[in-house]
Amino acid sequence: MTLIVYFVAFMMAGDLAAYLIGLGVERAFGSQASLIVFLALYFLFLWFSWLLAVWMTEPKIAATVEAQS
């Protein structure tokens, strides 16, 4: 469940960033360039958010202490 929460949170942040960057590109270069930039960033953030969410939720390896006899 934690993995999904992290993924959705990272995707929301990524979508907002892609939207704002796309908006800036649209004002500077037009709507066709904006669409290309937005779609590229959307799929990049989709992939990156998944990797980041998996990294954040992966089990931590505890250091094992061996008892000496």
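## Exercises on a two-helix chain

The protein chain has an accessible surface of about 5,700 Å² (Shrake-Rupley method, 1.4 Å probe; for residues, only the protein chains shown count as cover). Carbon and sulfur atoms account for 72% of that surface. The model is predicted: local features need pLDDT of at least 70, side-chain atom pairs count only at pLDDT 80 or more, and totals for chains, interfaces and linings use all residues. Residues are numbered from 1 along each chain as its sequence is written, and side-chain values use heavy atoms, with hydrogens and water left out.

**Exercise 1. Describe the span and the buried residues of H2**.

Step 1. Count the elements. The chain has two helices and zero strands (DSSP runs: helices are H or I, at least four residues; strands are E, at least two; numbered from the N terminus).

Step 2. Take the span. H2 covers residues 31-57, 27 residues in total. It reaches 38 Å from its first C-alpha to its last, close to the expected 39 Å (1.5 Å times one less than its number of residues).

Step 3. List the buried residues of H2. They are Ser34, Leu41, Phe45, Ser49 and Ala53 (buried is under 20% relative accessible area, exposed over 50%, partly exposed in between; 1.4 Å probe, protein chains only). Their cover includes helix H1 (2-29).

Step 4. Set this against the chain. Of its 69 residues, 14% count as buried.

**Exercise 2. Which residues does Tyr42 touch, not counting residues up to four places away in sequence?**

Step 1. Place Tyr42. It lies in helix H2. Tyr42 counts as partly exposed because its relative accessibility is 27%.

Step 2. Find the partners. Tyr42 touches Met11, Asp15 and Ala18 (contact is heavy atoms within 4.5 Å).

Step 3. Check one distance. Tyr42 and Ala18 are 24 residues apart in sequence and 6.1 Å apart in space, C-alpha to C-alpha.

**Exercise 3. How many aromatic pairs does a search of the whole structure find?**

Step 1. Run the search. It finds four (ring centres of Phe, Tyr and Trp, the last by its six-membered ring, within 6.5 Å; planes under 30 degrees apart are stacked, over 60 edge-to-face, the rest tilted).

Step 2. Classify one pair. Phe7 and Trp50 are edge-to-face, at 5.6 Å centre to centre and 80° between the planes. The pair links Phe7 in helix H1 to Trp50 in helix H2, 43 residues apart.

Step 3. Assess Trp50. It is partly exposed, because its relative accessibility is 42%.

Step 4. Look for a cluster. Phe38, Tyr42 and Phe43 form one aromatic cluster.
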